[in-house]
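This briefing walks through a single protein chain, moving from its overall make-up to selected residues and the contacts around them. Please keep the sequence and the structure in view while reading.

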Amino acid sequence: MAQENLSRSDAGKQTETFIQLRCVAGWADEIRMPLIFLVTTNIFLSITTFVGNTLILVALHKDSSLHSPSKLMYRCLATTDVCVGLIAEPSAIMYWLSLLHEDWNLCRYAVVTYFVAGYILTAVSLLTMTAISVDRLLVLLLGLGNRQVVNSKRIYLILITFWTVSILHGASYIVDHRIAYWTSHIVTPLCLVTATVSYTTIFYRLHHSLNQAQVQVPQQPSQPVPLNKVRYRKALHSALLVQLAFAVCYLPYGVAVTLLPKGRLSTSEFLVVGGVVTLIFLNSLLNPFLYCWKISEVRQVVKETIRQALSCPQSCL
């Protein structure tokens, strides 16, 4: 018992030391202007991210043409992006401001909030996108029969599980930041491999079916119900584009975290981290544009919502 208490104490000290290395007096003196630029940029990104993803949530709520399980997963992604604009990004802004004003109590709370929120929201997004890739594969393998296998009730349970696991994952940072760090380094490759295998299998089978298009095979009762290939390809491309945008925006952060020292950072290294973190936040702003670009039903509802919002002040005069 004494050894267990000692190990917990050591873990707490490790996290405390990590926080102290991120809240250092005089650190911001040499990079005051770059820090102000980071704060200004991220304030803009935070507001637009929140507004853009809120519009997507409204559009997904109003639209009835999308398959319910797919809509649930996209709503989950949009919700995580809303939380990025509402929680994760403001906490990063408060962290940078606390360095500028040397408010160390605020700095400590901002660092903890930023990392906990970041671990939770990143995990939910990654797990949900992996689930979308598996869902796209099942649709191809099972045709419309996929709706009996992947229904709304099961997706609800899966998404609740994702949020529960991710919250525990983020909370582990408070106990020992190394737990959250190494768990991320295990789960992230597994999710990326699963998504890569799913999409590779999908494109292989689509290419194979294209080569066999001239061969007319009678439909057997036991075969999967055929699906609308045009609609399927549109849904596939939108899901893949969101996944690729996530990978492109998160890759520089993964490289930076791997290569940069785990202790105190130099001012140039600190700015590199600030830049790659901003790129991660940018991903949450890009997603609404990707949804509107690739999902015509969502785009139409978003246009109508914006038109109504703009016309309301005029009609109320």
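The protein chain contains 10 helices and 0 strands, and the order of its elements from the N terminus on is α-α-α-α-α-α-α-α-α-α. The coordinates come from a predicted model, and every value below was computed from that model.

**Overall make-up**

- The protein chain has 317 residues, of which 42% count as buried.
- The exposed surface of the protein chain comes to about 17,300 Å², and carbon and sulfur atoms supply 68% of that area.
- When contacts in the protein chain are taken between residues at least 6 apart in sequence, 86% of them join residues that are at least 24 apart.

**Salt bridges, and a serine beside one of them**

- How many salt bridges does a search of the whole structure find? The search returns 2, and each is described here with the accessibility of its two partners.
- One salt bridge links the side chains of D135 and R136, with a distance of 2.9 Å from N to O; D135 has a relative accessibility of 4% and therefore counts as buried, the cut-off being under 20%, and R136, at 9%, counts as buried as well.
- The salt bridge of R178 with D176 has its closest N and O atoms 2.8 Å apart, and here the two partners fall into separate classes of accessibility, since R178 is partly exposed with a relative accessible area of 35%, whereas D176 is buried with a relative accessible area of 7%.
- S70, which lies in helix α3 (residues 68-101), touches both D135 and R136 when residues up to four places away in sequence are left out of the count; D135 and R136 are the pair that meet in a salt bridge, and S70 itself is buried, with a relative accessible area of 11%.

**Packing of helix α8 with helix α9**

- How do helix α8 and helix α9 run relative to each other, roughly parallel or roughly antiparallel? Helix α8 (residues 229-259) and helix α9 (residues 267-294) pack at an angle of about 175 degrees, with their axes 9 Å apart, and because angles over 145 degrees count as roughly antiparallel, α8 and α9 are roughly antiparallel to each other.
- On the α8 side, the residues that make this contact include H237, S238, L241, F246, C249, Y250 and Y253, while the α9 side contributes residues including V276, I280, N283, N287, Y291, W293 and K294.
- By class, the residues of the contact of α8 with α9 divide into 18 nonpolar, 4 polar and 1 charged.
- V272, which is placed in helix α9, is partly exposed at 42% relative accessibility, and its C-alpha atom lies 9.6 Å from that of P252, although the two residues are 20 apart in sequence; P252 is one of the α8 residues in the contact with α9.

**Residues that bring distant parts of the sequence together**

- T49 belongs to helix α2 (residues 32-62), and at 0% relative accessibility T49 counts as buried.
- T49 and N283 are 234 residues apart in sequence, yet their C-alpha atoms are 9.1 Å apart in space; N283 is also among the α9 residues that make the contact with α8.
- Leaving out residues up to four places away in sequence, T49 touches D81, G85, E89, F281, S284 and L285.
- Y119 is found in helix α4 and is buried, with a relative accessible area of 17%.
- Y119 and A171 are separated by 52 residues in sequence but by 8.7 Å in space, C-alpha to C-alpha.
- With residues up to four places away in sequence again set aside, Y119 touches H169, G170, Y173, A180, Y181 and S184.

**A backbone angle to check**

- E102 has a positive phi of about 55 degrees although E102 is not a glycine.
- At 40% relative accessibility, E102 counts as partly exposed, because this value falls between the cut-offs of 20% for buried and 50% for exposed.

Terms used
Residues numbered from 1 in each chain as written. Predicted model: local features only at pLDDT ≥ 70, side-chain atom pairs only at ≥ 80, totals over all residues. Heavy atoms only, no water. Salt bridge = Lys/Arg side-chain N within 4 Å of Asp/Glu carboxyl O. Buried < 20%, exposed > 50% of the residue type's maximum accessible area, 1.4 Å probe, protein only. Helix = DSSP H or I, 4+ residues; strand = E, 2+ residues; numbered from the N terminus. Contact = heavy atoms within 4.5 Å. Axes fitted to C-alpha atoms, helices over the stretch in contact; angles between N-to-C directions. Parallel < 35°, antiparallel > 145°, perpendicular 65-115°, else oblique. Nonpolar A, V, L, I, M, F, W, Y, C, P; charged D, E, K, R; others polar. Areas by Shrake-Rupley, 256 points an atom, 1.4 Å probe, with all protein chains shown as cover.
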